Amino acid sequence: ARGGPVAGLGREAAPRGAPGGAALTPSRCAAAAGPVSPMAAAEPVAARKRRPKGHFAAARAKRPRGSGRQLEAGMRGILITCNMNERKCVGEAYSLLGEYGDLLYGPEQFSDPEERLSGSEKEEDEDDVEAALKKEVDQIRTSTEQKLRRFQSVESGANNVVFIRTRGIEPENLVHHILKDMYATKKKKTRVILRMLPISGTCKAFMEDMKKYTETFFEPWFKAPNKGTFQIVYKARNNSHMSREEVIKELAGIVGSLNPENKVDLNNPQYTVVVEIIKNVCCLSVVRDYVLFRKYNLQEVVKSNKEDAQQNPSTVTEEQNLTVVKPETEEEKSSEVKQENKSEGEIQAESKGNDTLTV
């Protein structure tokens with residue numbers, strides 16, 4: 001009947017405005033349509049929860065990171081290996097480097113941006129757009145300089161490896177001074193840090209980039225008239241496209257081309273070329289006393305000779321073999337020759353005397 005409830009739907013499904021009827025709502029329509037299967041009801045929820053496999057990884061990759069917070073080409077610093085506790089390693093590194101950094105370079109000083117501005121700049125009229133812009137640029141520059149600390153930890157890109165970026169110091173001199181002091185005093189100052197390697201330069205970890213960079217990087221140590229014996233130590237982490245044999249061969253060729261008198265010595269070299277590759281960054285340094293300081297291992301360098309003899313008997317024999325023998329002078333050689341000639345003459349005389357006796 002006209003104006004009555006819709007047939008088959010009942011009173012609740014009557015159209016809006018019908019006498020005695022109620023307005024249609026989604027819930028009432030769903031109830032009127034009949035029961036819905038559980039699979040059909042779960043389809044929108046499941047579809048909403050599904051995500052592609054690389055969704056979260058891509059989201060993490062797109063997160064903006066602060067500039068200079070990751071190891072990249074062009075940085076200098078100190079590469080530190082640790083034992084399963086990177087956070088504590090960073091704390092020990094800050095403490096140790098800060099102690100010896102203050103001794104060698106003095107306490108770290110921080111400047112105030114207001115003090116950096118001269119009196120004339122402070123008195124300039126703010127309405128002058130050029131002066132105001134210059135003042136703002138100076139303030140930004142000084143604020144960024146304040147953020148660049150003497151030692152700053154950055155993400156290395158490898159597990160159990162910490163990289164401390166340095167500013168205003170020479171990493172190789174600082175690390176050598178630390179190891180020299182610990183070797184002399186035998187005083188243990190770290191618990192988590194294992195090795196501490198200075199990084200004097202970084203470049204991209206591709207053969208062409210490494211060859212181009214090391215041609216000038218090696219000059220202070222190996223270019224004529226400078227010369228010395230050397231060895232190359234190679235280590236790669238999270239990198240599979242570089243060949244150890246190829247890198248060592250190419251770098252040794254570059255060292256030889258700078259001065260033909262540079263010779264390889266694997267027992268006791270004057271210089272050790274350290275090559276540390278992490279992902280697509282190549283870290284380089286040329287260090288001294290690599291064998292003496294136990295491969296720059298802070299845990300091994302403080303051990304006494306007795307402890308080394310118990311744990312590594314070969315190291316004691318190596319140190320004995322590495323003793324320096326002074327060259328003999330010409331006078332000593334001539335005296336030895338005279339003594340040899342004299343002894344030969346005495347032997348001949350004795351032999352002649354014996355011959356006469358036998359006759």
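1. Starting with helix 8: its buried residues are covered by a set of elements that includes strand 1, helix 4, strand 2 (151-154), strand 3 and strand 4. Bear in mind throughout that this is a predicted model. The buried positions on helix 8 are Pro171, Glu172, Leu174, Val175, His176, Ile178, Leu179 and Met182, so if you colour by burial, Glu172 and His176 will show up among them.

2. The geometry of helix 8 holds no surprises. With 15 residues, helix 8 runs 21 Å from first C-alpha to last, close to the 21 Å expected at 1.5 Å a residue. Right after helix 8 comes Lys186, with a positive phi near 60 degrees.

3. How do helix 4 and helix 8 cross? Their axes come within 10 Å, at an angle of roughly 105 degrees. Angles of 65 to 115 degrees count as roughly perpendicular, and the two helices are therefore roughly perpendicular to each other. On the helix 4 side of the contact you'll find Leu96, Leu97, Tyr100, Gly101, Leu104 and Tyr105. Helix 8 meets them with Asn173, Leu174, His177, Ile178, Asp181 and Met182.

4. Now the largest nonpolar core, which has 30 residues. Ile80, Leu97, Leu174, Ile178, Met196 and Tyr296 have the most contacts inside this core. At least two core residues come from each of strand 1 (77-82), helix 4 (86-105), strand 3 (161-166), helix 8 (171-185) and strand 4 (193-199). Helix 4 gives the largest share, six residues.

5. Met196 is a handy residue to click on if you want to see this core. Leaving out residues up to four places away in sequence, Met196 touches Ile78, Leu79, Ile80, Leu96, Leu97, Val175, Ile178, Tyr296 and Leu298. Another core lies apart from the one above; it has 24 residues, among them Met207, Trp221, Tyr271 and Val275.

6. On to the sheet. It is an open one of five strands, in the order 5-9-8-6-7, with mixed pairing. Strand 5 (201-204) and strand 7 (263-264) sit at the edges with a single partner strand each, so each has one side without a neighbour in the sheet.

7. Is strand 8 buried or exposed? Eight of the eight residues of strand 8 (271-278) are buried, so the rest of the structure largely encloses this strand. Both faces are covered: Tyr271, Val273, Val275 and Ile277 are buried on one side, and Thr272, Val274, Glu276 and Ile278 on the other. Note Glu276 in that second group.

8. The pairing of strand 8 goes both ways. With strand 6 (229-237) it is parallel, over eight bridges, and Gln231 has Thr272 as its bridge partner. With strand 9 (281-287) it is antiparallel, over seven bridges, and here Val273 is partnered by Val286. Strand 8 and strand 9 make a hairpin with two residues between them. In that turn, Lys279 has a positive phi of about 55 degrees.

9. Further along, strand 6 and strand 7 run parallel and are joined by two bridges. Thr229 stands opposite Lys263 of strand 7.

10. Last, the helices against the sheet. Helix 9 (207-217) packs on it and touches strand 5, strand 8 and strand 9, with its direction at about 155 degrees to that of strand 5. Helix 11 (244-258) lies across strand 6 and strand 8, running at about 150 degrees to strand 6.

Key:
Residues are numbered from 1 along each chain as its sequence is written. This is a predicted model: local features need pLDDT of at least 70, side-chain atom pairs count only at pLDDT 80 or more; totals for chains, interfaces and linings use all residues. Side-chain values use heavy atoms; hydrogens and water are left out. A nonpolar core is a set of buried Ala, Val, Leu, Ile, Met, Phe, Trp, Tyr and Cys residues joined through side-chain atoms within 4.5 Å. Buried means under 20% relative accessible area, exposed over 50%, partly exposed in between (1.4 Å probe, protein chains only). Helices (H or I, at least four residues) and strands (E, at least two) are DSSP runs, numbered from the N terminus. Contact means heavy atoms within 4.5 Å. Two strands pair if DSSP finds at least two bridges between them. The expected span of a helix is 1.5 Å times one less than its number of residues. Axes are lines fitted to C-alpha atoms, for helices over the stretch in contact, and angles run from 0 to 180 degrees between N-to-C directions. Angles under 35 degrees count as roughly parallel, over 145 as roughly antiparallel, 65 to 115 as roughly perpendicular and the rest as oblique.
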